[in-house]
Amino acid sequence: MAKPLVAFYWCASCGGCEEAVVDLAEDILKVADAVEFRLWPVALDFKYADVEAMPDKSIAVSFINGAVRTEEQEHLAKLLRQKSQLVIAFGACAHLGGIPGLANVANKNEIFETAYKLTRSTANPKGVYPQTVTETEYGKLKLPEFFDTVKTLDQTVEVDYYLPGCAPPPDLIMQGVTAILEGKLPPKGSVLTVEKALCETCERNKSKPDKLMIKEVKRISEVIADPEKCFLAEGIICLGPATRGGCGERCINANMPCRGCFGPTKEVKDMGAKFLSSLASIIDVDDEKEIEKIAESVLDPIGLFYMYSLPSSILRRKQGV
Amino acid sequence: MRVLVCTCKDKIKLTNLDLGPDVKIEQYFDLCKEKPAIDSDEKVVIAGCSPNLLETLFPNLNCEFVNLYEHIVLIGHPIEKARDLIAAAVEKMKVVTPIKAKIFTIEKKSVVVIGGGVAAIEVASQLAQNGVGVDLVERSPFLGGTVAQLDRLYPEGTPYSHTLMPQIAKMLESKNINYYFNTEAKDIKGRIGNYDITLQTCSRGVIDCTHCGKCVDVCPVEVDDAGKMRKAIYYVPTYPDIYAIDFNACTKCGECVKVCEGKIELEDKIAEQNIDAGAIVIASGLNWYDVDKVTEYGYCRLPGVMKTLEFERAVASGVLKPKKVVIIYCAGSRDANHLPYCSKICCFLGLKEAKLVLDRYPETQVYVVAMDMRSFGTFEYFYNKLREKGVTFVKGKPSEVIKRNDSLVVRTEDLYTNELLEIEADTVVLSAGFVPDTATFDKLGIKLNGDFPVLFENADLGNTALPRGIFTAGAATFPAGVADSLVDARKAAFSVLNLFRQDKIETKQPNAVINEDLCSICRMCIGTCPYGALSIVEEKLKVNEELCMGCGICSITCPVYASQLELFNPQGLSHQIRTLIKKGDVLALLCRWSAYNATDKAAYDKYLYPENVKIIRVPCSGAVDPSHVMDAVNNGAKGVLIGGCYPDACHYARGNFRAKAREQILKQNLDLLGFSRDIVRLEWIGKDEANKFVEIVKEMNK
């Protein structure tokens, strides 16, 4: 029997998701035995034209990581959707928008201005910015269009499943791949991890007092966190209560609070607004002025509450720019 | 889904309402009169006049009310707006969890009274006379509580025996009271109608007693019992008529056993037993504030400085015969370092001590140093009488008490004369405040409001929406005198009788329900519940139906929507907002207890506001999620107003402060996302502040 064909593609991402595949270690040999790759730009030399030439639905499954922010990424996402039976959003950026999604607090011009002009390490006296078409003596050079707004994969094409995380942990990748190969998949649209939030499995949850109320909000950089105690009980913001579990508490074990890369649980549409509500609710102060002061001590609320999920939030991006 | 629309006798002229095949529109000329049958389990929408009226005519429904009369007709908005409001209500109702009827069966019709003071005796007596079985649980070996320690009661100075002894005699006439002395309620389980109480009893030592009193004669251990000396084996002349051993002081020398005509066992054992009850009355009284914490007054350090109770007992028993007394008021009261509150009764206690010493020794010089004399009502006569008798009242707060040449000196300012005084005295009496005895409340998970447990049925901030099996009497909730305690005890007895009149109580109060498939026991919600209704039982989050008041604060706190308020699921409100709000609208999410009422008043008083202002009624400003604001803003809303009760006046105690914190952080978020901070505004709007509501929405509409 012919092996199922697989594509692995990256959009706006850091490469960590590719790295996660390498982290499968010897398991990667099992995967390589079971499937045949047809596109994997980071590792193998296939051309887009090869994919375009394939019949529709001939790829069993496409794993797409990274958010969608350029014309090329959008084109490939659509192409792979057309050629694949299953599309898996691989990692936080494809799933929620991820860190690149924080660019939605600005637009294309502002980003270009910063990247190609304002940063101290940039020398660009002629004010040259990337153009989609540039005439040269050798002919026209083309670059893909850079969008104003970063999108999640499912805002671009239909997505069948989500493998969450920044990056997805190897055990979840193997579980997902095995489920696909064995055809034992959950309902379409599922996030391939557990349904409950991280606190369910977090060891530190046991140290949390029943009545969790705080009088100040601390940043992890300001304190040395007790490795036994729940971060929130110490006033350090941890998104564990609002974030899907299944990650293996990698950050918690490194004494860092959860930042929400696994995304919200199934009933929540806007993870940032939801956790904002939870955190504000446990501020145990009955004085308006004092409440205002504590609220102001929450620095960079977008970066905090929406670190991975701005493009998938209700408002998706900064308005009016 | 049924949508019942009332034309309010043709005042609401609604035509051509079609909301698709699943929605059945029924028009009524006069819904109040016609009163169509509505199944209480069915989800419906009723559109007509204000829900404040409709809810009384159609109670206990799974219903969203749409206010067409006050929100459209009376303020001259086009009737087309009705369609949007009704369609949004339908979308909400489609997704909400219906209210499940809650049935409280009153299985046990006996009551446990915790305490043995005047309040406990009165409530037990009243209930027993009415045929209710009572288990009275008293921590000490004798009845009487604080009152039995006193010499006399204010204002007249009658001995406590005038009040307490007839009360005890009356109680003893009833046969259906079981008495448990030296006993505490160690654990309380169950709920209204069926409580299981574990009692822990320490042995009394004296098993059989002929009242000969020989044991007291031979006992070598002297105990200072609040200013009065007694032996380690002792008797308080209230009830029961049997001596008791104070095992904290007893050296077990065995002298008493030798002379006893009855039977004494010197082994202090602890025994446990369980009793059940349908209701619990907490009449555990109060504790005196530890006045030695007010170090500047020298209690324990300087001989001659004493507490009011010690002074009273020492003077009454003739141990102390002072020549010059200074009574310092508010020792540790109304003081940020000690008790921030006024204990209400200590002003009279101080006056009582002044009268006591003057009654016995008229030549004594008495000074009272007080910041204020709070002698309300007829107590002013008492105060004036003591002035006439020659008590000197100084307005001030003493800075310290020192010892100089064998004499005590009270240093104080006199705010009337602006002088600094040094008053010499042989005796200084510290009139301290009281702290509640919260041991039983803690076991029941009943929250304190400030320092006192006042958040339930027959107490100050009572709430009668749910049947309750826990009642309070007397000074258990706040310091109270004998007269007030007796009245309160009768109120508690009435409440219990009222409860026991019924075999079961059915309510349709919306409750929070927990989806265990989603709850990760993160505990964010537990502390935010104003009623202590949430707790972890066997590693699962549980809602105590008896305590949940349906505010919705927990469901908005829950980071995963595992907690949901019946009929007000956050998702329901989301659907409603997404259907209702169009570009350029102003959304007003208004607390049903305050701000919403202001919109009714706006209609009657013709404070007009623009038609694009759309109003949704919510249980509490604390039941609005930042996501709801996001939904409205995403639909193009110009502004979102959240209207709540003024600070400290929230119907659910703290919901408005929760809303405030959310609003403040949300403003920062919206600012960073390119909106004006004022696109969301949380405003305190009283029920009559129509004008304020209209001014705010007009501003937001600019």
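**Burial, cores and domains**

User: What percentage of the 321 residues in chain A is buried?
Analyst: This is a predicted model in which local features need pLDDT of at least 70 and side-chain atom pairs count only at pLDDT 80 or more, whereas totals for chains, interfaces and linings use all residues. Residues are numbered from 1 along each chain as its sequence is written, while chains are lettered from A and ligands numbered from 1 in the order in which they are written. With buried meaning 20 or more other C-beta atoms within 10 Å of a residue's own, C-beta atoms being placed from the backbone, the share for chain A is 45%.

User: What share of the contacts in chain A with a separation of 6 or more joins residues 24 or more positions apart?
Analyst: A contact requires C-beta atoms, placed from the backbone, within 7 Å. Among contacts in chain A with a separation of 6 or more, residues 24 or more positions apart account for 74%.

User: Which helix of chain B gives the most to the largest nonpolar core?
Analyst: This core, a set of buried Ala, Val, Leu, Ile, Met, Phe, Trp, Tyr and Cys residues joined through C-beta atoms within 7 Å, has 198 residues, and Val640(B) is one of those touching the most other members. The leading contributor, with 8 residues, is a DSSP run (H or I, at least four residues, numbered from the N terminus). Spanning residues 81-95 of chain B, this contributor is helix H4.

User: How many residues does a second, separate core hold?
Analyst: Its members include Val113(B), Ala354(B), Leu408(B) and Ala493(B). The size of this second core is 104 residues.

Terms used: Buried ≥ 20, exposed ≤ 12 C-beta atoms within 10 Å, placed from the backbone. Helix = DSSP H or I, 4+ residues; strand = E, 2+ residues; numbered from the N terminus. Contact = placed C-beta atoms within 7 Å.
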